[in-house]
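Please keep the sequence and the model side by side while reading. The paragraphs below go from one sheet to the next, then to a pair of helices, and end in the loops.

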Amino acid sequence: MSGAATAIAHPNVALSKYWGKRAGSGRFPAVPSLSVTLSGLSTRTSVVFDGSAAADSLLLNGQPSSFGDLARAVELLDRVRAAAGEVRRARVVSRNDFPTASGLASSASGFAALTLGAVRAAGLDWDASRISDLARRSSASAARSLFGGFVELDAGPVAPTEDDVLSARVVAAESAFPLVILVCVTTAKPKAIGSADGMATTLAMSPYAAAWLAEAPRMHLRLRDALLARDFVSVGELAESSALAMHASAIAAGVIYWTGATLDVLSALRALRASGVAAYATIDAGPHVKVLVRPGDAAQAGQALRAMGGVERIIDAVPGEGARLAQASDQVDESER
Ligand code: DP6
C-alpha cells in the first residue's frame, strides 16, 4: 500500500437548495437537494499517510489552514483511519483553481477531493456511493460532488443515528441537459457567515423556517421533473424560486448574504428575461450569483452581466464530471508540501 493519493473534484451548485440539518450529528439534510457539478472550477488534493509525521497537517492554497479547517479535516481522516486500520498521520495539500477567499463555495469540492484522496491513500476499495456518504459527514454538499452531471441528495431520516447511511446519486448525465452556468463574482466581500451557522440560525430563529422546510421538498420534486422533461424555463424558474425561498427564510433570521451587487444582478436578469433571454439566478451562502442560461444565450447574457457595475469577473462553467483520482501529471507539486 503506497499510502498516497491525489484526487480532483469540482464544486457543485444546487438548483434545489439544501438549507437546514436534521437534529443530531452526521450532517443529515432536513430537505432534499439537486445540484449540477461544475466543470471549469476544481480542487486538487493530495493525501499522504506518513509514518514520520507527528500530527495531521493541511496546506490550503499554499498556506497552513486555520485551526477550524484542520479540525474538520482531522475528523474525516480519523474516520478513514478507523475504517482502514491506518495509524499514520497524514500530510494533506489542497489547491483550488478558483478564488476561495471571495466566498465561492469550496467546501463541496474540498471535502469531495479530500474524502476520495484519503480513502484511496488508505487503500480502501470503496465505491463512489460509500465515499459520498463519508463526504456528507464533513459537508453535506460534498456528497454531491462525488458524482458528475445532475445529482440528488435526499433528506436524512427524521431522527438519524451515526449508523444511518445517506449518499448522493446521479439523476441525469452531464450531457442530458444543455446548460451554461455563469458564476458572477460580485465585488463586495461582506464578512461571511458559514453555511452551517447560517442554516442553524435560520432553523432556530426564522419565522419562515417551517414554511421553508415544508415547501423545499415540493420545489425539489417539481424541479427534478422539469429537468427530466428537459424543460429549461421551468428548471430556471424553480431554481431561482428555491434560492429566493432559502434566502427569504434566512434573511428573516438576520442571516443576510446578499449585497447591493447581488440585487443588481437579480434586476439585470429580470431585464434580460424581458428582452427574451431565459436567464435565471441561484445564490448560495454568499453574495455571488450563479446565472443559468442555455448555451446559445451564454454570450449575450455574459456580455450584459460583464457590463454591469458590481460584477468583478465571470467564470463560465458547464455540467462536469465527478471526483476522480488524478493522473500522474496532476500530482501536487512536492514543493507545496
Ligand atoms: C447554500 O454543504 O456548505 O450551498 O453541510 O454544513 O457543510 P454543511 O453545509 P454546506 O451547505 C451548502 C448550502 C448551500 C445550498 C446547497 O449547496 O445545497
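A residue is called buried here when its relative accessible area is under 20%, exposed when it is over 50%, and partly exposed in between, with a 1.4 Å probe and protein chains only. Helices (H or I, at least four residues) and strands (E, at least two) are DSSP runs, numbered from the N terminus. The model is a predicted one, in which local features need pLDDT of at least 70 and side-chain atom pairs count only at pLDDT 80 or more, while totals for chains, interfaces and linings use all residues. Residues are numbered from 1 along each chain as its sequence is written, and side-chain values use heavy atoms, with hydrogens and water left out.

A good place to begin is strand β11. From this strand A279 and A281 point one way and Y280 and T282 the other way, and all of these residues are buried. Strand β11 runs antiparallel to β12, and the two are joined by four bridges; two strands are said to pair if DSSP finds at least two bridges between them. One of the positions to look for is T282, whose bridge partner in β12 is K290. Together β11 and β12 form a hairpin, with six residues between them.

The hairpin belongs to an open sheet of four strands, which has the order β11-β12-β10-β13 and antiparallel pairing. At its edges stand β11 (279–282) and β13 (311–317), each with a single partner strand, so that one side of each is left without a neighbour in the sheet. From one strand to the next the twist averages 25 degrees, where axes are lines fitted to C-alpha atoms, for helices over the stretch in contact, and angles run from 0 to 180 degrees between N-to-C directions. Strand β13 pairs with β10 in the antiparallel sense over six bridges, and in this pairing L182 stands opposite D316 of β13.

Two helices lie across strands of this sheet, and contact is taken to mean heavy atoms within 4.5 Å. Helix α7 (residues 232–251) lies across β11 and β12 (289–293), running at about 30 degrees to β11, whereas helix α9 (residues 298–306) lies across β10, β12 and β13 and runs at about 5 degrees to β10.

Another open sheet of four strands has the order β2-β3-β8-β9, again with antiparallel pairing. Its edge strands are β2 (12–16) and β9 (169–172), each of which pairs on one side only. Neighbouring strands of this sheet are turned by 40 degrees against each other on average, direction ignored. Over four bridges β2 pairs with strand β3 (residues 33–37) in the antiparallel sense, and V13 stands opposite V36 in β3. Helix α6 (residues 209–228) lies across β2, β3, β8 (150–153) and β9, running at about 40 degrees to β3.

The next element to find is helix α2. The expected span of a helix is 1.5 Å times one less than its number of residues, so the 15 residues of α2 (residues 107–121) should span 21 Å, and the 20 Å between its end C-alpha atoms agrees with this. Helix α2 is mostly covered, with 12 of its 15 residues buried, among them F111, L114 and V119. After the helix comes G123, whose phi is positive, near 80 degrees.

Which residues make the contact between α1 and α2? The axes of helix α1 (residues 67–84) and α2 come within 10 Å and cross at roughly 30 degrees. The contact is made by R72, A73, L76, L77 and V80 of α1 together with F111, L114, T115, A118 and V119 of α2.

Some loop residues complete the tour. N61, in the loop between β5 (57–60) and β6 (63–64), has a phi near 50 degrees, a positive value in a residue other than glycine, and N61 is partly exposed, with a relative accessible area of 28%. R230, in the loop between α6 and α7, likewise has a positive phi, of about 55 degrees, although it is not a glycine, and R230 counts as partly exposed at 48% relative accessibility. K189, in the loop between β10 (180–186) and α5 (195–205), is exposed, with a relative accessible area of 57%. Although K189 and W258 are 69 residues apart in sequence, they are 9.9 Å apart in space, C-alpha to C-alpha.
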